[in-house]
Amino acid sequence: MNQPSFLDVISFGPGGWGAALLTGAVMTILIAISGFMIGSVIGTFGAWAKISGGRTIRVLADGYTTVLRGIPDLLVIYLFYFGGSAAVTAIGRFLGSEGFIGFPGFLAGALAVGITSGAQQIEVYRGAFRAVHRGEIEAAIACGMSRPLRFRRIIAPLTLRHALPGMGNVWQVVLKESALVSITGVVELLRQAQIGAGSTGMPFNFYIVAGGIYLMISTLSGAVLQRSERHFSRGVRRG
């Protein structure tokens with residue numbers, strides 16, 4: 001029996017794995033976007049805690065970033081998945097349910113990726129805020145702007161402008177971290193490539209295709225972020 005060709009394997013026809021790989025790529029994007037958005041929320045509040053919070057809040061924020069940036073991301077995913085499953089099972093038993101209840105793999109992965117990326121985004125937003133020229137804030141105060149208005153018209157846009165390059169780097173890391181979520185049972189791109197490689201005995205073909213898809217997603221999303229950076233930097237004189 002002849003081994004199927006490379007094009008036959010990745011095709012969308014009968015016996016092809018094109019549709020499965022595309023589905024895995026969509027799952028990868030969903031995990032990455034979910035994790036990045038969760039991290040953005042954490043990063044915003046964490047940066048505020050480090051800049052404007054009291055001593056206790058600052059200590060907690062510092063501890064958060066120190067711990068999450070110091071342990072492997074894979075360990076965080078394990079803790080969320082197995083810890084979440086243990087907690088859900090305990091709650092189920094308390095309510096009268098029997099047996100093991102698994103924590104949803106997608107939710108565990110998105111939360112873990114979001115919390116780890118949040119530690120990085122805290123530092124990105126904190127540094128971006130520090131880059132805002134104090135004179136611009138003082139000018140807004142002199143014009144009589146209220147604090148919410150200053151934040152909406154001056155602080156937030158300028159902070160975002162300075163944060164975009166760092167956010168682009170965090171996004172690339174999150175995109176690659178999404179491959180780790182397969183340990184929770186989620187069939188994302190890399191896991192789908194592993195399944196295809198095991199089923200056909202053609203590992204190199206599947207992994208090279210998966211690498212190409214990751215590169216395409218990374219390149220396209222990077223271009224979007226670069227365009228956003230140029231948009232928010234309009235009118236800024238560059239040295």
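In this predicted model, the largest pocket holds about 730 Å³ of space. Its lining is made up of 22 residues, and those closest to the centre of the pocket are Trp48, Phe129, Phe151, Ile155 and Thr159. Four elements give two or more residues each to this lining: α2 (18-52), α5 (105-131), α6 (134-142) and α7. Helix α7 supplies the largest share, with 10 residues. Sorted by class, the lining of the largest pocket contains 15 nonpolar, four polar and three charged residues.

The second largest pocket has about 200 Å³ of space. It is lined by Ile10, Phe12, Gly18, Leu21, Leu22, Ala25, Val26, Ile29, Val209, Ile213, Met216 and Ile217. Here the elements that contribute two or more residues are α2 and α9. The largest share of this lining, six residues, belongs to α2. No charged residue takes part in the lining of the second largest pocket, which has 11 nonpolar residues and one polar residue.

The table sets out the two pockets.

| Pocket | Volume | Largest share of lining |
|---|---|---|
| Largest pocket | about 730 Å³ | α7, 10 residues |
| Second largest pocket | about 200 Å³ | α2, six residues |

Helices that line the pockets also take part in helix packing. Helix α7 (residues 147-177) packs with helix α9 (residues 203-232) at an angle of about 175 degrees, and their axes are 9 Å apart. Angles over 145 degrees count as roughly antiparallel, and α7 and α9 are therefore roughly antiparallel to each other. On the α7 side, the contact is made by Leu160, Arg161, Leu164, Pro165, Gly168, Trp171, Gln172 and Leu175. On the α9 side, the contact residues are Tyr214, Ile217, Ser218, Ser221, Gly222, Leu225, Ser228, Glu229 and Phe232. By class, the contact of α7 with α9 has nine nonpolar, six polar and two charged residues. Ile217 of α9 belongs to this contact and is also one of the residues lining the second largest pocket.

A second helix pair is formed by α2 and helix α8 (residues 189-200), whose axes come within 7 Å and cross at roughly 155 degrees. That angle makes α2 roughly antiparallel to α8. In α2, the residues that meet α8 are Ala20, Leu21, Gly24, Ala25 and Thr28. Their partners in α8 are Leu189, Gln192 and Ala193. The contact of α2 with α8 divides into five nonpolar and three polar residues, with no charged residues. Leu21 and Ala25 of α2 take part in this contact, and both names also appear in the lining of the second largest pocket.

Two single residues, Thr89 and Pro72, can be described in terms of their place and exposure. Thr89 is in helix α4. With a relative accessible area of 6%, Thr89 is buried, because a value under 20% counts as buried. Not counting residues up to four places away in sequence, Thr89 touches Gly99, Phe100 and Ile101.

Pro72 lies in the loop between α3 (55-70) and α4 (73-94). Its relative accessible area is 51%, and Pro72 is therefore exposed, since the exposed class begins over 50%. Pro72 and Ile154 are 82 residues apart along the chain, and their C-alpha atoms are separated by 37 Å.

Terms used. Residues numbered from 1 in each chain as written. Predicted model: local features only at pLDDT ≥ 70, side-chain atom pairs only at ≥ 80, totals over all residues. Heavy atoms only, no water. Axes fitted to C-alpha atoms, helices over the stretch in contact; angles between N-to-C directions. Parallel < 35°, antiparallel > 145°, perpendicular 65-115°, else oblique. Contact = heavy atoms within 4.5 Å. Nonpolar A, V, L, I, M, F, W, Y, C, P; charged D, E, K, R; others polar. 1 Å grid on protein atoms, 1.4 Å probe; cavity = no way out; pocket = protein on both sides within 12 Å on 5 of 7 lines; lining within 4 Å. Points joined across faces, edges and corners; volume = space filled by probe spheres on them. Buried < 20%, exposed > 50% of the residue type's maximum accessible area, 1.4 Å probe, protein only.
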